Amino acid sequence: MNKKLGLTALGAALALSLTACGGEGAGSNANTEDADASELTIGVSMPTETSERWIADGNNVKEQLEAEGYEVDLQYAGDDIPTQGQQVDQMITQGADALIVAAIDGTALSSQLQAAADADIPVISYDRLIRDTENVDFYVSFDNFKVGVAQGTALLTGLGVLNADGSEGTATGPFNIELFAGSLDDNNAGFFFDGAMSVIQPKIDDGTLVVKSGQTDIEQAATLRWAQETAQKRMEDLLTGSYNDGTKVNGVLSPYDGISRGIITALQNAGYGPDLASANPLPVVTGQDAEIASVKLINDGVQSSTIFKDTRLLAEQAVAAATAFLEGEEPEANDTETYDNGVKVVPSYLLPVETVFKDDIQSVLVDSGYWTADEVAKGQSD
Ligand code: GAL
């Protein structure tokens, strides 16, 4: 009799706790549905302030959340993994109601995110997919494979192998190229490299492009923490290792503007340039993020291209996702297949990207208000 009563009580308790969770699946938070935005705090964890793009991301997310009335706790982790872990921990203990996280190392936040799940805090993975945990509720990013395709295509276009409209160009090579990839602990690095190689590899196979160093694996091409100095050092080593016989590098695949600037510095120090039109021209160097320092270099004919990812729109999607969760709803996804984080496929909202050569700076970056003409000329944001 007692036993039966006990079980009934347990059943009732279970039912109660299920109701408390709202039964709405991971991420929804019944406690916040009726709250006013001003009573809710959103923790925003960004990787580093050494890059223009993450500063812009942090500012955009903060401003847009504040415009919705939320309190915002924005932290930068100085590209240090333990610091990011501590910052996220602190956001949770200080009562964050939702988290937006751009991870330094996509696999390093599992224990923090378990704590977030235990406290019913929805977690939005921002631009970089958080891996190896079920406690990530949504992913906002760009189509990262297409970013890589755009980078590979921009390399071929810069070399004249393709025309601007994508048709076959007149240049047949062979051209010497070198390949750089991002940080292997960032899930995006593989997508960028694979996307780029999907258009570059056929041109290696038919002899149009030659990777003179032979370093074609992502492990060989990788750049830990996407660091400019690391890329500069590797480019210097490639030049002494493979080009001291007088042959020239004609193109360099770079996945990110900071890496591009390191590559360009190494090349200029070795006597290339100073620009793409010099007698001993700089090779065609690609990029990503439309960082202002690189937009200036593109405008000055030094860097060939970048890929523009509008961080204002990314911030909008992150804010929309956080708001949906806090109101007890599921955010709208436009991709539910691509981003398997090792434990589950994370529903995603992916934005499109645009390639920017010198001729596109005005129409894509200035007319949209992303950078002013003055900032482009200075190479610095106001
Ligand atoms: C990636 C991001 C790129 C670039 C890079 C280095 O995760 O997708 O746009 O910013 O980090 O910061």
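**A look around the ligand and its loops**

Reader: Where is the place of proline 174?
Author: Start with helix α5, which covers 144-159, and strand β6, which covers 175-179. This is a predicted model, and in it proline 174 is found in the loop between α5 and β6.

Reader: And what kind of peptide bond runs from glycine 173 to proline 174?
Author: The angle to look at is omega, which is near 0° for this bond. That makes the peptide bond from glycine 173 to proline 174 cis.

Reader: What is omega for the cis bond from glycine 273 to proline 274?
Author: Proline 274 sits in the loop between α9 (257-269) and β9 (284-285). The bond leading into proline 274 from glycine 273 is cis, with omega near 20°.

Reader: Which residues surround the ligand?
Author: By class, the shell has four nonpolar, two polar and six charged residues. Helices α2 (52-67) and α6 (187-205) each supply at least two residues of it. The full list is Arg53, Trp54, Asp127, Arg128, Asp186, Asn188, Phe192, Trp226, Tyr256, Gln288, Asp289 and Lys309.

Reader: How far is the side chain of lysine 309 from an oxygen atom of the ligand?
Author: Let's go through a few side chains in turn. Tryptophan 54 has a side-chain N or O atom 2.9 Å from a ligand oxygen, and arginine 128 places a polar side-chain atom 2.7 Å from a ligand oxygen. For lysine 309, the distance from a side-chain N or O atom to a ligand oxygen is 2.7 Å.

Reader: How much of the ligand's accessible area does the protein cover?
Author: The ligand sits in the largest pocket. On its own, the ligand has 300 Å² of accessible area, and the share of this that the protein covers is 98%.

Reader: Is tryptophan 226 buried or exposed?
Author: Tryptophan 226 is one of the residues around the ligand, and its place is the loop between α7 (218-221) and α8 (228-242). It has a positive phi of about 60° although it is not a glycine. Because its relative accessibility is 11%, and the cut-off is under 20%, tryptophan 226 counts as buried.

Reader: How far apart in space are tryptophan 226 and glutamine 75?
Author: Along the sequence, 151 residues separate them. Going from C-alpha to C-alpha, the distance in space is 20 Å.

Reader: What is the relative accessible area of alanine 290?
Author: Alanine 290 lies in the loop between β9 and α10 (292-299). Its phi is positive, at about 50°, although it is not a glycine. Alanine 290 counts as buried because its relative accessible area is 1%.

Reader: Which side chain has a polar contact of 2.7 Å with serine 51?
Author: Serine 51 is found in the loop between β1 (41-46) and α2, and it counts as buried because its relative accessibility is 4%. A polar contact of 3.3 Å joins its side chain to that of tyrosine 256, which is among the residues around the ligand. The contact of 2.7 Å, also between side chains, joins serine 51 to glutamate 291.

Terms used. Residues are numbered from 1 along each chain as its sequence is written. This is a predicted model: local features need pLDDT of at least 70, side-chain atom pairs count only at pLDDT 80 or more; totals for chains, interfaces and linings use all residues. Side-chain values use heavy atoms; hydrogens and water are left out. Helices (H or I, at least four residues) and strands (E, at least two) are DSSP runs, numbered from the N terminus. Buried means under 20% relative accessible area, exposed over 50%, partly exposed in between (1.4 Å probe, protein chains only). A residue is near a molecule or strand if one of its heavy atoms lies within 4 Å of it. A polar contact is a pair of N or O atoms within 3.5 Å; within protein, one must be able to donate a hydrogen and the other to accept it, and residues adjacent in sequence count only if both atoms are side-chain atoms. Accessible areas come from the Shrake-Rupley method with a 1.4 Å probe; for residues, only the protein chains shown count as cover. On a 1 Å grid over the protein atoms alone, a cavity is a set of points where a 1.4 Å probe fits but cannot get out, and a pocket is an open set with protein on both sides within 12 Å along at least five of seven lines; lining residues have an atom within 4 Å of a point. A molecule sits in a cavity or pocket if more than half of its atoms lie within 2 Å of its grid points. Ala, Val, Leu, Ile, Met, Phe, Trp, Tyr, Cys and Pro count as nonpolar, Asp, Glu, Lys and Arg as charged, and the others, Gly among them, as polar.
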